[in-house]
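Colleague: I would like to go through the labels on this model one by one. Please set each value against its cut-off.

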Amino acid sequence: MANIVAVAGTSHSPVLAMEPQKMWSLRAEHDKDNKELYDTDGVIRPYGELAERAGDRYLAELEPDVWDRKFNQAQADIKRLAEDLVSLELDAVVVVGDDQDELFSHQNLPSIAVYHGEEMTTHHAIEMGLGPEIVEVQRLLGMDGASYPADAKLGRHIIESLVDQGFDVSASDSTAPDSGFGHAFAWVAGRLLKGHTVPSVPILLNTYFKPNQPTPARCYDLGVALRQAVECAPGDARVGVVASGGLSHFVVDAELDRTLLDAMSDHDATTLRGLPAHRMDSGTSEIRNWITAAGAGAHLVTKWVDYLPAYRTPAGTGIGLAFGLWA
C-alpha cells in the first residue's frame, strides 16, 4: 500500500528570492499602486486608507535589521525543509498549488485539476511591466522553462480515485507550447528540491479567481480524499504532499495565518473546514492549498512550524511567510 508519509507547507514569494533592500522595497512600491488590497475583513481598500488606519503600528517592523533577520530565518527554513523532505526518501511528491494565468485562462478555468503527464515543464519568466527585477526574480523562483519528471501513473490513479469519491476533477496530461507551470510548482521543483529528482503530481486549485474557488471545506475534504487515493494506489510508494504558497498577502492577516497553523498542528478539522472564505482572496487565497494538505496529513505528527509576518509598508502590506513539516 502506498502511503502519504509527509506533508509540508512552504511560502513561495518573490521576497524569498532577493535580499530585502532590493525586493522587499520594490514590492512595497508595488503595493502602493495595487488596486486589490484586501484588508483583514476581506474588503478591498486603497493603500492610503490602510496606511491611515494602521498609523504607526507597523513602523518598527520596517527597520532594515528586522527585514534582514526575517529574510535570513526564511532562508534557513527553506534549507531545513528541503533537507527534511530529501531525508524521507520520497518516491513521489504531490504539489498542491494555484495557477495564475500560466496554464489556464478565464476562458477555461477549472476549480480543481490534476496533472498526469510524464513531465512537468515550468513557464518561462513573464514580462509583467513591473521592471527587470520582477523578471529576474521569477527565474529565481524556478520559472525558467526547465522540465522535471512527473509521476503519470500516480496522477492518473489519483484522478480516477477522486472521481470515484465524488470529486469531478479536471485532468491534464500536457502543456501547450510556450506555456508551462507557474511559480507555485516551479518553486518546489526548481528551488526547494533543486538538485533532487522526485517525480511530482501537480494538483492545481483555482484559489485566486472568482467565481469557482473551492471552499475551505471542499479543500479539506479534497485532502482527505487525496490520502484515500494514495493509499489505494498499487505498490508501496512513499508519497509527500507539499502545499505551495501563502500565507496571507498582500495585506498581512497574522490572526488568520496563526489560526490556520494552530489548527493544522492540532488536526482541528472543524476549524480548518470553517476558515472564513471571504478573507481568502487574492494572494491570501493560497491558504486553501495548505488546507488541502492538512486534510491529507491528518494522520501525521507536527514536526516543526515557523511563521514570519513580513511587513514591508506602514499600511501593513507584505506577506505571512510560513514553513512547516508534518511526518
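Modeller: Let us begin with the rings. A search of the whole structure finds five aromatic pairs. This is a predicted model, in which local features need pLDDT of at least 70, side-chain atom pairs count only at pLDDT 80 or more, and totals for chains, interfaces and linings use all residues. Residues are numbered from 1 along each chain as its sequence is written, and side-chain values use heavy atoms, with hydrogens and water left out.

Colleague: What makes Phe 181 and Phe 185 an aromatic pair, and why is it called edge-to-face?

Modeller: Rings of Phe, Tyr and Trp (its six-membered ring) pair if their centres lie within 6.5 Å; planes under 30 degrees apart are stacked, over 60 edge-to-face, and the rest tilted. The centres of Phe 181 and Phe 185 are 5.5 Å apart and the planes stand at 70°. Set against the cut-offs, the two rings therefore pair, and the pair is edge-to-face.

Colleague: Which residues do ring pairs link into a cluster?

Modeller: Tyr 115, Phe 181 and Phe 185.

Colleague: How do you know that Phe 181 is buried?

Modeller: Buried means under 20% relative accessible area, exposed over 50%, and partly exposed in between (1.4 Å probe, protein chains only). Phe 181 has 1%, so the residue is buried. Phe 185 has 2% and is therefore buried too.

Colleague: Why is Asn 72 called partly exposed?

Modeller: Its relative accessible area is 49%, so Asn 72 falls between the two cut-offs. Asn 72 sits in helix H3 (residues 64–87). Helices (H or I, at least four residues) and strands (E, at least two) are DSSP runs, numbered from the N terminus. The C-alpha atoms of Asn 72 and Pro 20 are 9.8 Å apart, with the two positions 52 residues apart along the chain.

Colleague: What makes helix H6 mostly covered?

Modeller: Nine of the ten residues in H6 (residues 183–192) are buried. Among them are His 183, Phe 185, Trp 187 and Leu 192.

Colleague: Why is S7 called mostly covered?

Modeller: Six of its six residues are buried. Ser 200, Pro 202 and Leu 204 point one way from S7, while Val 201, Ile 203 and Leu 205 point the other way.

Colleague: How do you know that S7 pairs with S2 and that S3 pairs with S6?

Modeller: Two strands pair if DSSP finds at least two bridges between them. S2 and S7 have six, in the parallel sense. Val 93 stands opposite Ser 200 there. Strand S3 (residues 112–115) and S6 have three, also parallel, and Val 114 has Ala 171 as its bridge partner in S6. Each count meets the cut-off, so both are pairs.

Colleague: In which sense do S3 and S7 run?

Modeller: Antiparallel, joined by three bridges. Ile 112 stands opposite Leu 205 in S7.

Colleague: What makes S6 and S9 the edges of the sheet?

Modeller: Eight strands form an open sheet in the order S6-S3-S7-S2-S8-S1-S10-S9, with mixed pairing. Strand S6 (170–172) and strand S9 (302–311) each have a single partner strand, so one side of each has no neighbour in the sheet. From one strand to the next, the twist averages 20°.

Colleague: Which residues beyond its sequence neighbours touch Ser 285?

Modeller: Contact means heavy atoms within 4.5 Å. Leaving out residues up to four places away in sequence, Ser 285 touches Thr 207, Tyr 208, Gln 213 and Met 280. Ser 285 lies in the loop between helix H9 (269–273) and helix H10 (287–296). Thr 207 lies in the loop between S7 and H7. Beyond four places in sequence, Thr 207 has contacts including Asp 98, Ser 285, Glu 286 and Asn 289.

Colleague: Why are Ser 285 and Thr 207 called buried?

Modeller: The relative accessible area of Ser 285 is 0%, so the label holds. Thr 207 also has 0%, so Thr 207 is buried as well.

Colleague: What makes the largest pocket a pocket, and how much space lies in it?

Modeller: On a 1 Å grid over the protein atoms alone, a pocket is an open set of points with protein on both sides within 12 Å along at least five of seven lines, whereas in a cavity a 1.4 Å probe fits but cannot get out. Grid points are joined across faces, edges and corners, and the volume is the space filled by probe spheres set on the points. For the largest pocket this gives about 940 Å³. Lining residues have an atom within 4 Å of a point. There are 33 here, and the closest to the centre are Arg 27, Gln 100, Met 128, Tyr 208 and Phe 250.

Colleague: Which helix gives the most to the lining?

Modeller: H1, with four residues.

Notes: Axes fitted to C-alpha atoms, helices over the stretch in contact; angles between N-to-C directions.
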